[in-house]
Amino acid sequence: MPAVVVVRQLGLVPYPAGLAAQAAAADEVRGGALDGVLLALRHTPVITMGRRTRPGDVHVPRWERRALGIDLFHTDRGGGATFHHPAQAVVYPILHLGRLRL
């Protein structure tokens with residue numbers, strides 16, 4: 001049986017909505033409905049702060065972030081502070097590596 005991997009183009013979404021889409025796709029893949037999902041999207045302006053973010057890593061004061069419409073989101077993922085801009089294309093692969101033999 002051929003692998004079933006779908007591409008979902010979500011457009012511009014806030015970071016929490018992108019996380020929710022990833023969780024839903026992971027449930028589908030874990031449940032066997034699909035072998036993989038590629039989520040193609042862009043985020044509204046956001047700075048994500050991963051587990052390795054240190055105090056002082058974000059150099060834009062809160063008032064300026066608010067004026068520019070930039071959200072701040074703490075995540076349990078690795079990495080430091082990362083700025084996501086709406087012009088930045090992002091692809092999240094959610095794949096069952098065993099079924100895809102990867």
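**Exercise 1.** In this predicted model, locate isoleucine 70 relative to H2 and E4, and decide whether isoleucine 70 counts as buried or exposed.

*Solution.* Begin with the position along the chain: isoleucine 70 sits in the loop that lies between H2 and E4. Next, take its relative accessibility, which is 14%; since buried means under 20%, isoleucine 70 counts as buried. Then look for its contacts: leaving aside residues up to four places away in sequence, isoleucine 70 touches Pro45, Val46, Ile47, Arg65 and Phe83. Finally, consider threonine 44, which is 26 residues apart from isoleucine 70 in sequence, although the C-alpha to C-alpha separation in space is 7.8 Å.

**Exercise 2.** Work out how strands E3 and E4 are joined, and determine the handedness of the crossover that links them.

*Solution.* Start with the pairing: strand E3, residues 46-49, runs parallel to strand E4, residues 71-74, and four bridges join the two. Within this pair, methionine 49 stands opposite histidine 74 of E4. Now follow the chain, which leaves E3, passes through helix H2 (residues 62-68) and arrives at E4, giving a β-α-β crossover that is right-handed.

**Exercise 3.** Identify the residues that make the nonpolar surface patch, and classify leucine 102 as buried or exposed.

*Solution.* The patch, of about 360 Å², is made by Val5, Leu95, Leu97 and Leu102. Of these residues, take leucine 102, which is found in the segment after strand E6 (90-95). Its relative accessibility is 68%, and because exposed means over 50%, leucine 102 counts as exposed.

Methods
Residues are numbered from 1 along each chain as its sequence is written. This is a predicted model: local features need pLDDT of at least 70, side-chain atom pairs count only at pLDDT 80 or more; totals for chains, interfaces and linings use all residues. Side-chain values use heavy atoms; hydrogens and water are left out. Two strands pair if DSSP finds at least two bridges between them. A crossover is right-handed if, with the strands pointing away from the viewer, the path from the first strand over the helix to the second runs clockwise. Buried means under 20% relative accessible area, exposed over 50%, partly exposed in between (1.4 Å probe, protein chains only). Contact means heavy atoms within 4.5 Å. Patches are made of residues with over 30% relative accessible area and no salt bridge: like charges are joined within 9 Å, nonpolar side chains (Val, Leu, Ile, Met, Phe, Trp, Tyr) within 5 Å. Accessible areas come from the Shrake-Rupley method with a 1.4 Å probe; for residues, only the protein chains shown count as cover. A salt bridge is a side-chain nitrogen of Lys or Arg within 4 Å of a carboxyl oxygen of Asp or Glu.
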